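Student: Can you walk me through this model? I would like to start with the fold and then go to the metals.

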Amino acid sequence: MISYKSEEEIELIRQSSLLVGKTLAEVARIIRPGIKTIELDKVAETFIRDHKAKPAFKGYNGFPYTLCISVNDVVVHGFPGDQELKEGDLVSVDCGTLLNGFYGDSAYTFAVGELDEEKRLLMERTKESLYRGIKVAKAGNRIGNIGYEVQSYVESFGYSVVRDLVGHGIGRNLHESPEVPNYGKRGDGIMLRQGLVICIEPMINLGVRQVTQDRDGWTIRTADGKPSAHYEHQIAIIKGEPTILSSFDEIEEVLKEKVN
Ligand code: MG
Ligand code: MG
């Protein structure tokens, strides 16, 4: 069953989601070659708790950390740890918050130092695919339209779409109906309507679409060891149109300052 949200509920979800963006901006500030991924996790957890919220992932089905940090061939759900990031790493950081009873969930892929051309393009095009998916998330369209846009765009570059993991509804629960695949056909699936709140989160592989899971029960990797990128926005359908509740603005301001 899908729970459609009132405009008041959507405002509360937006607050939670904006806190995720601010948390990821704190990660953006300190991510660099030589930092251990567990250090990013600690900064994020402290920041979320300082803002009277809870890290949504910590304890979720036993997930032990605040962030999912997924480096290079790790697609999603990577554990933070003693691994030091190095120049040329592509790092997806996924973060969730629980604030005033509502969940925020968003993800961004960072470059550590300079990336090679292949990884840089994978990142750019994965982010572009997210916005293409969002654009068609309007009332009257169907869930398959979103996946169609993402899939047709990234496959035109020879990339592949992960099938085993999908986006999702969100609200008082971190994962709600409906599922939001990043592949599909126009006109397939449920009709989109007022009050739907979903996370759209393309996971795009440079090589094959198949993935494997590590023995930790969480870490998802590409089967061929090639890199994967992941961006996630949380959106609501308001007055028929897709409205992005999360924000990459603070993250991208920080990244711009770091370059200049
Ligand atoms: Mg997420
Ligand atoms: Mg999600």
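Tutor: What follows goes from the whole chain to the metal sites and then to a few backbone details.

Tutor: This is a predicted model, in which local features need pLDDT of at least 70 and side-chain atom pairs count only at pLDDT 80 or more, while totals for chains, interfaces and linings use all residues. Residues are numbered from 1 along each chain as its sequence is written, chains are lettered from A and ligands numbered from 1 in the order written, and side-chain values use heavy atoms, without hydrogens or water.

Student: How many helices and strands does the chain have?

Tutor: The chain has five helices and 15 strands. Helices (H or I, at least four residues) and strands (E, at least two) are DSSP runs numbered from the N terminus.

Student: What is the radius of gyration, and what would a compact globule have?

Tutor: The chain has 17 Å, which agrees with the value near 18 Å for a compact globule of 260 residues. The radius is taken over C-alpha atoms, and the globule rule is 2.2 Å times the number of residues to the power 0.38. Along its principal axes the C-alpha trace spans about 45 × 45 × 40 Å.

Student: What percentage of the residues is buried?

Tutor: Buried residues make up 55% of the 260. Buried means under 20% relative accessible area, exposed over 50%, and partly exposed in between, with a 1.4 Å probe and protein chains only.

Student: Now the metals. Which residues coordinate the magnesium ion (ligand 2)?

Tutor: Asp105 (OD), His168 (NE2), Glu201 (OE) and Glu232 (OE) coordinate the magnesium ion (ligand 2), at 2.1 to 2.3 Å. Aspartate 105 lies in strand 5 (residues 102–111) and histidine 168 in strand 7 (residues 167–169), so the pair ties together parts that are 63 residues apart in sequence. Donors are N, O and S atoms within 2.8 Å of the metal (3.2 Å for Na, K and Ca); water is not among the atoms, so sites may look incomplete.

Student: Is histidine 168 buried or exposed?

Tutor: Histidine 168 is buried, with a relative accessible area of 5%. Aspartate 105 counts as buried too, at 2% relative accessibility.

Student: And which are the protein donors of the magnesium ion (ligand 1)?

Tutor: The donors of the magnesium ion (ligand 1) are Asp94 (OD), Asp94 (OD), Asp105 (OD) and Glu232 (OE), lying 2.0 to 2.5 Å from the ion. Aspartate 94 is in strand 4 (residues 90–99) and aspartate 105 in strand 5, 11 residues apart. Both aspartates, 94 and 105, are buried.

Student: How far apart do the two ions lie?

Tutor: The magnesium ions (ligand 1 and ligand 2) lie 3.1 Å apart, and aspartate 105 bridges them.

Student: Changing topic: where is the cis peptide bond?

Tutor: The cis bond joins serine 177 and proline 178, with omega about 0°. Proline 178 lies in strand 8 (residues 176–180).

Student: What is phi of asparagine 61?

Tutor: Phi of asparagine 61 is near 50°, a positive value in a residue other than glycine. Asparagine 61 sits in the loop between strand 1 (54–55) and strand 2 (67–71), and counts as exposed at 64% relative accessibility.

Student: What about histidine 77?

Tutor: Histidine 77 has a positive phi of about 65° although it is not a glycine. Histidine 77 is in the loop between strand 3 (74–76) and strand 4, and counts as partly exposed at 22% relative accessibility.
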